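Thanks for making the time, everyone. Could I ask you to look at the sequence and the structure on the screen while I walk through them?

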Amino acid sequence: MTFDKTSALITGAVTVWSACALAAPAFARKATAGQKTTNDGIYSRAQADAAKAPYAKLCSECHAFTVAALKQPKDLPLGDEPFLKKWEGRALDELLTLIVTTMPNDGSAVVNDEEALNLLAYMLQQNGFAPGKAPLDKSGAAAVIARPTQK
Ligand code: HEC
């Protein structure tokens, strides 16, 4: 094998390898076939409506749903571009765990799994995800966060 051929092979191999490395994270962010996303009607309207008051009491002080509606610039919106950019492609489970273990972060209350699932349903509703027939439960939280399609 001549030197030219060897280096062409190496260049080829490196190109393929870097293409895979670049493609992998993008691929990982897509839901795999059959996996539900937040666009698949994974909560019910009644569940979301019922969580409106608890959300207002426990969460709204620090979390609006758009950047424009934030009371303080340091607060994080639970919707809108920064939120979707950060959470797109991740499982709703992650948000569930975060809420149950760390929110509200001033220690003013404690939320259990069921309450957090209801709050998540309200968050999905406020973000423009269409509701379905059944309320969001723990198994439904395996769904992947996507960008809302109905907005
Ligand atoms: C006193 C203010 C405060 C309250 C009340 C509060 N949070 Fe938070 N929340 C924060 C802060 C600050 C963060 C940023 C991460 C951290 O410091 O823990 C955060 C982060 C989050 C995140 C992750 C956001 C992201 O983009 O990564 C979620 C989801 C969340 N909170 C949900 C809730 C829910 C649901 C409630 C009501 C049960 C709630 N929070 C109540 C202050 C608050």
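Let me begin with a definition: the expected span of a helix is 1.5 Å times one less than its number of residues, and helices (H or I, at least four residues) and strands (E, at least two) are DSSP runs, numbered from the N terminus. Residues are numbered from 1 along each chain as its sequence is written. Please keep in mind that this is a predicted model, in which local features need pLDDT of at least 70 and side-chain atom pairs count only at pLDDT 80 or more, whereas totals for chains, interfaces and linings use all residues.

The pLDDT, which is the predictor's confidence in each residue on a scale from 0 to 100, averages 85 over the protein, with 77% of the residues scoring at least 70. Over residues 18-28, however, pLDDT stays under 50, and the model has zero contacts for them beyond four places in sequence, a contact being two residues whose C-beta atoms, placed from the backbone, lie within 7 Å.

The protein has six helices and zero strands. I will spend most of my time on helix H6 (113-126), whose 14 residues reach 20 Å from first C-alpha to last, close to the 20 Å expected at 1.5 Å a residue. Ten of those 14 residues are buried, meaning that 20 or more other C-beta atoms lie within 10 Å of their own, where 12 or fewer would make a residue exposed and anything in between partly exposed. Their cover includes helix H2 (45-50), helix H3 (52-58) and H5. After H6 comes Gly 128, which has a positive phi, near 90°.

Which residues have the most contacts inside the largest nonpolar core? They are Leu 119, Leu 120, Ala 121, Leu 124 and Leu 136, in a core of 25 residues, such a core being a set of buried Ala, Val, Leu, Ile, Met, Phe, Trp, Tyr and Cys residues joined through C-beta atoms within 7 Å. H6 gives this core its largest share, eight residues. Leaving aside residues up to four places away in sequence, Leu 124 touches Thr 38, Tyr 43, Ala 48 and Phe 129.

Turning finally to the ligand, 19 residues lie around it, of which Cys 59, Cys 62, Met 103, Pro 104 and Asp 106 come nearest; a residue counts as near if its C-beta atom, placed from the backbone, lies within 6 Å. Helix H5 (92-102) and helix H4 (80-87) each supply at least two residues of this shell, and the largest share, four residues, comes from H5.
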